[in-house]
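Student: I would like a close look at one part of this protein. Please start there and then lead me onward.

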Amino acid sequence: MSDRDLLEPEAPKSIGLLTNSDILFGSPTPPIDKLKVVSDSEFEDIIREWIAGYCKSKYISVWRAGGANDKGRDVIAYIDDEGNYDNYQSKHYDHPLMPSDVWQEFVKLCYYTFNEDFKLPKKYYFVSPQGVGPKLGDLINNPEELKKELLNKWNEINTLGKNIIILSDELREYITAIDFSMFDFLDPQDFIEQHKQTSYFAARFGGGLQNRREKPVVNEFDNVEYSLRFVDQLFKAYSEHQKIDITTLGELNKFGEQLEHFNRNRNCFYWAEALDQFGRDRLPYENTCFEDLKEEIYQGVIDVSNSNHSSGYERVKNTTQEATKLSLQSNALLSVAQIQDKIGICHHLVNDAKLTWVEE
């Protein structure tokens with residue numbers, strides 16, 4: 001054995017400070033790299049999510065048609081009730097798209113629309129995790145050259161399954177009349193950045209909730225709020241504590257401690273309401289994260305709330321204080337939740353009649 005064999009290997013470069021998540025799951029995979037390893041079917045679902053989330057103002061419905069009989073239409077986004085649509089053609093290849101990868105897609109579109117199986121789309125996008133290569137990109141950016149190249153290559157690429165598509169004079173005339181500027185492609189990095197703005201991104205790619213949660217705007221007290229159970233219950237709690245009937249904000253002004261408490265807890269109620277809206281905006285529509293969080297907090301505070309207290313006011317304070325102590329680990333909203341939300345959720349539970357400060 002040589003001296004060289006006894007040498008210790010060179011120490012690797014530091015990868016920086018580690019979190020518990022880093023230890024459990026390793027370094028996160030960038031979303032653009034995840035696109036390259038998902039299945040063809042999953043990639044089509046991601047395109048549909050992007051359309052339904054990011055492009056929802058452009059389309060009235062989205063249909064994933066990908067399959068053996070899709071006739072060259074993977075994801076169809078309908079613009080109106082008259083059947084006008086954009087087509088998103090998924091190509092989940094391990095390299096940037098080349099003309100040879102997609103010639104038959106042009107053949108399919110021309111042939112099936114010529115036969116009136118369906119009409120031409122308004123736009124036709126190629127979507128690939130590796131994007132398009134320079135040659136295909138140049139052709140797409142020069143529609144007349146793309147059309148000319150397609151017609152020149154027709155006899156090399158005109159096989160659809162067991163069928164040979166003959167370029168008849170009628171078909172040639174039809175293709176010549178098509179506006180090839182309909183063809184375009186999506187840059188994969190732009191695609192990811194736009195998908196980040198949808199409610200599907202965190203569930204699909206992980207990495208936590210991407211959008212920073214803004215501080216909610218809480219408007220001046222509106223008399224309509226007297227009809228909310230949580231407001232009525234707070235006034236009942238203050239009344240019991242002060243041993244005087246307090247039913248309006250004007251009457252509460254005489255009691256500085258309770259007025260400050262009311263303003264702070266009302267503010268927390270709207271913080272929690274904003275958290276609910278944030279979850280609905282940033283997580284898939286079927287998520288129940290806010291309701292799940294409410295249930296966890298309910299289970300964590302109900303024994304304290306049901307205990308004996310000198311007044312409803314003390315019950316409010318002790319219950320909300322208990323809520324702030326709860327260590328909640330599993331909910332997807334916890335990365336953006338704050339103490340105000342925990343307090344506010346207690347008042348949402350009062351609104352739902354699951355908690356009561358003073359018996360009615």
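Is aspartate 184 buried, partly exposed or exposed?

Tutor: This is a predicted model, so every value here is computed from it. Aspartate 184 is partly exposed, with a relative accessible area of 25%. Buried would need a value under 20%, and exposed a value over 50%, so 25% falls in between.

Now look at its partner. Aspartate 184 forms a salt bridge with lysine 123. The closest N and O atoms of the two are 3.8 Å apart. The cut-off for a salt bridge is 4 Å, so this pair qualifies. Aspartate 184 sits in strand S7, residues 183–186, and lysine 123 in strand S4, residues 123–127. The two are 61 residues apart in sequence, so their bridge ties together distant parts of the chain. Lysine 123 is partly exposed too, at 23% relative accessible area.

Follow the chain on to proline 188, in helix H8, which covers residues 188–195. Proline 188 counts as buried, at 10% relative accessibility. Set aside its neighbours within four places in sequence. Proline 188 is then in contact with Ile32, Ser128, Pro129, Gln130 and Gly131. Valine 132 is 56 residues from proline 188 along the chain, yet their C-alpha atoms are separated by 9.2 Å.

Go back along the chain to the loop between helix H4 (99–114) and S4. Glutamate 116 is found there. Its phi is positive, about 65 degrees, although it is not a glycine. Glutamate 116 counts as exposed, at 72% relative accessibility. Alanine 353 has a positive phi as well, near 65 degrees, and it is also a residue other than glycine. Alanine 353 is in the segment after H15.

Back to salt bridges. The structure holds 18 of them. One network links Lys91, Glu105 and Lys108.

Another bridge joins glutamate 225 and arginine 266, with closest N and O atoms 2.8 Å apart. Glutamate 225 lies in the loop between helix H9 (201–205) and helix H10 (229–242). Arginine 266 lies in helix H12, residues 256–282. They are 41 residues apart in sequence, so this pair also ties together separate parts. Both residues are buried.

Stay with H12 for a moment. Asparagine 265 is found in this helix. Asparagine 265 counts as buried, at 1% relative accessibility. Not counting residues up to four places away in sequence, asparagine 265 touches Thr320, Ile343 and His347. Alanine 274 lies in H12 as well. Alanine 274 counts as partly exposed, at 22% relative accessibility. The C-alpha atoms of alanine 274 and lysine 215 are separated by 8.5 Å, with their positions 59 residues apart along the chain.

A third bridge to study pairs lysine 294 with aspartate 352. Their closest N and O atoms are 2.5 Å apart. Lysine 294 is in helix H13 (residues 289–306), and aspartate 352 is in the segment after helix H15 (339–351). The two are 58 residues apart, so the pair links distant parts of the chain. Their surroundings differ in exposure. Lysine 294 is buried, at 7% relative accessible area, whereas aspartate 352 is partly exposed, at 41%.

H13 also packs against another helix. Two packed helices are described by the angle between their axes and the distance between the axes. H13 and helix H14 (residues 312–325) pack at about 145 degrees, with axes 9 Å apart. The crossing is right-handed. On the H13 side, the contact is made by Ile297, Gly300, Val301, Val304 and Ser305. On the H14 side it is made by Arg315, Asn318, Thr319, Glu322 and Ala323. By class, the contact has 4 nonpolar, 4 polar and 2 charged residues.

Finish with the cysteines. A disulfide is a covalent bond between the sulfur atoms of two cysteines. A search of the whole structure finds 0 of these bonds. Cysteine 110 counts as buried, at 2% relative accessibility. Cysteine 289 counts as buried as well, at 13%.

How values were computed
Residues are numbered from 1 along each chain as its sequence is written. This is a predicted model: local features need pLDDT of at least 70, side-chain atom pairs count only at pLDDT 80 or more; totals for chains, interfaces and linings use all residues. Side-chain values use heavy atoms; hydrogens and water are left out. A salt bridge is a side-chain nitrogen of Lys or Arg within 4 Å of a carboxyl oxygen of Asp or Glu. Helices (H or I, at least four residues) and strands (E, at least two) are DSSP runs, numbered from the N terminus. Buried means under 20% relative accessible area, exposed over 50%, partly exposed in between (1.4 Å probe, protein chains only). A disulfide is a pair of cysteine sulfur atoms within 2.5 Å. Axes are lines fitted to C-alpha atoms, for helices over the stretch in contact, and angles run from 0 to 180 degrees between N-to-C directions. A crossing is left-handed if the near helix is turned anticlockwise from the far one by less than a right angle, and right-handed if clockwise. Contact means heavy atoms within 4.5 Å. Ala, Val, Leu, Ile, Met, Phe, Trp, Tyr, Cys and Pro count as nonpolar, Asp, Glu, Lys and Arg as charged, and the others, Gly among them, as polar.
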